[in-house]
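Here's a quick tour of one protein chain, meant to be read with the structure open beside you. Rotate it as you go and look for each spot in turn.

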Amino acid sequence: MNRRVVVTGLGTINPLGNSIEEYFDNLENGVSGAGPITHFDPEKFKTKFACEVKNYDPTAYFDRKDVRKYDLYTQYALISVDQAMKDSGLDLEKIDNDRTGVIWASGIGGLGTFYEEVKNYVEGGFTPRYSPFFIPKMISDMAAGWISMKYGFRGPNYSTVSACASANHALIDSLNWIRSGKADIIVTGGSEAAINPPGVGGFNSMQALSTRNGDPTKASRPFDVDRDGFVIGEGAGALILEEYEHAVARGAKIYAELAGGGCSADAYHFTAPHPEGLGAKKSMHDAIQDAGLKPEDIDYVNTHGTSTPVGDVAEINGILGTFGDHAYKLNISATKSMTGHLLGAAGAIEALAAIMAIHRGVVPPTINIENLDPQIDPKLNLTANRAQKRDVKAVLSNTFGFGGHNVTVIFKKV
């Protein structure tokens, strides 16, 4: 049926803000969310900093008995969705709950819960005293389940898991459920909470994280020649997607249209991208085609841009291969330079950044570009260090994940 799909509600809790306004303001102003790790003592770790959510107290949002049931990634999910639902103005008494679903992403799920339960088992002399909440707190689909139970949504309900591409997969699945006529509203997005010993230690062992401990706010530096890995982040981003006529009929505020998406596999290496960006090129090409657009219709590319030595160059190669000469007319930026890398939730908060560019007419910057990598064409506009004003009609947003997953979504002005 190919019905149009629009965004009518937004919510977030992430290293740059515990609300949409705070997040957008800090994005626009080029603020870094990095700082010393406070979730645990990182003294023995190679990396001692991260992009943590600030000033977070779960009891400000949940009853203590509920906190026991929710892993941190689920808490972040519920908080962001609560904001998005309020922002959307949806009346739960008037919508069809059978045609309203939840498709949520998390690359890892309840890693913190898993760690604490196993640690308690070992420290307790290997006595098997596990919490009855252990399994349901840990599994990656549980955030979607709790969201549906809170609001009574009985439509499609599941989680997408494709490492750092998870949230964009959730967006595309949501788009297709509504397009096909099988749903009218989908609550979507992603959440992650992996700033804990196994999360930091695991990525450290892969040499994936920056170790710029002396200056954390400068550590995430996509496209800079001195980049040395990504900065791990946490949080959530939520979007209310709605069929266009359904939204218009109730007088909803419309932020943007989710116009299309594309997916591909590198089929190359389990952690490294294809050096020529072949999979990235295919996902971008397919997304543009799916949106019914041409490459020259895109104004801004929000890159995956993690600040890894191999990944950034591969993505730029994919962009050049996709856009040709039009690449030099694009704004390109990597908002992970500010937020850090939220893993499975990255695509969700970057979708929000794409919508900000359309809604505010401001392209968020790539901060910390001091010495451009000589492998990257200096004629490209990487929106270096400062936001740029622009009438943005269409944004392409990339996410790529371990396993060779490439997922691209496109938002456009309505």
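**Aromatic rings**

Tyr-70 has a relative accessible area of 10%, so this residue counts as buried. Keep in mind that you're looking at a predicted model. From Tyr-70 we'll go on to its ring partner, then to two helices and a couple of tucked-away residues.

*Ring pairs*

- Phe-62 is buried too, because its relative accessible area is 12%.
- Phe-62 and Tyr-70 make an edge-to-face pair, because their planes sit at 70 degrees, with 5.3 Å between the ring centres.
- Both belong to one aromatic cluster, made up of Tyr-56, Tyr-61, Phe-62, Tyr-70, Tyr-76 and Trp-146.
- In the whole structure there are 14 aromatic pairs.
- Another of these pairs is Phe-203 with Phe-402, which is tilted: the planes are 50 degrees apart and the centres 6.4 Å apart.
- That pair ties together distant parts of the chain, since Phe-203 is in helix α8 (residues 197-205) and Phe-402 is in the loop between β13 and β14, 199 residues apart.
- Is Phe-203 buried or exposed? It counts as buried, because its relative accessibility is 12%.
- Phe-402, on the other hand, comes out as partly exposed, with 32% relative accessibility.

*Charges over rings*

- Arg-4 holds its charged end over the ring of Tyr-244, 4.4 Å from the ring's centre.
- Lys-182 does this with Trp-177: the charged end sits over the ring, 5.9 Å from its centre.

*Helix α1*

- Which residues of α1 (residues 20-28) are buried? They are Ile-20, Tyr-23, Phe-24, Asn-26 and Leu-27.
- These residues share one side of α1, because they cover an arc of only 165 degrees around the axis.
- Here's a handy rule: an α-helix has 3.6 residues a turn, so residues three or four places apart point the same way.
- The cover over the buried residues of α1 includes β1 (5-13), α3 (72-88), α12 (336-339) and α13.
- Right after α1 comes Gly-30, with a positive phi of about 70 degrees.

*Met-356, in helix α13*

- You'll find Met-356 in helix α13 (residues 346-360).
- Met-356 counts as buried, because its relative accessibility is 0%.
- Leaving aside neighbours within four places in sequence, Met-356 is in contact with Phe-24, Leu-27, Glu-28, Gly-361, Val-362 and Pro-364.
- Try finding Tyr-23 from here: it is 333 residues from Met-356 in sequence, but their C-alpha atoms are 9.8 Å apart in space.

*Helix α10*

- α10 (residues 278-290) has 13 residues, so at 1.5 Å a residue it should span 18 Å, and its end C-alpha atoms are indeed 18 Å apart.
- Its buried residues are Gly-279, Ala-280, Ser-283, Met-284, Ala-287 and Ile-288.
- Looking down the axis of α10, you'd see those buried residues fall within an arc of 165 degrees, so they line one face of the helix.
- They pack against β8 (256-265), α11 (309-323), β13 (394-401) and β14 (405-412).
- Following α10 is Gly-292, which has a positive phi near 70 degrees.

*His-304, in a loop*

- Where does His-304 lie? Look in the loop between β9 (300-302) and α11.
- Although it is in a loop, His-304 is buried, with a relative accessible area of 9%.
- Setting aside neighbours within four places in sequence, His-304 is in contact with Cys-164, Glu-315, Lys-336, His-341, Asn-398, Thr-399 and Phe-400.

Terms used. Residues numbered from 1 in each chain as written. Predicted model: local features only at pLDDT ≥ 70, side-chain atom pairs only at ≥ 80, totals over all residues. Heavy atoms only, no water. Helix = DSSP H or I, 4+ residues; strand = E, 2+ residues; numbered from the N terminus. Expected span 1.5 Å × (residues − 1). Buried < 20%, exposed > 50% of the residue type's maximum accessible area, 1.4 Å probe, protein only. Arc of directions from axis to C-beta. Contact = heavy atoms within 4.5 Å. Phe/Tyr/Trp six-rings, centres within 6.5 Å; stacked < 30°, edge-to-face > 60°. Lys NZ or Arg CZ within 6 Å of the ring centre and 35° of its normal.
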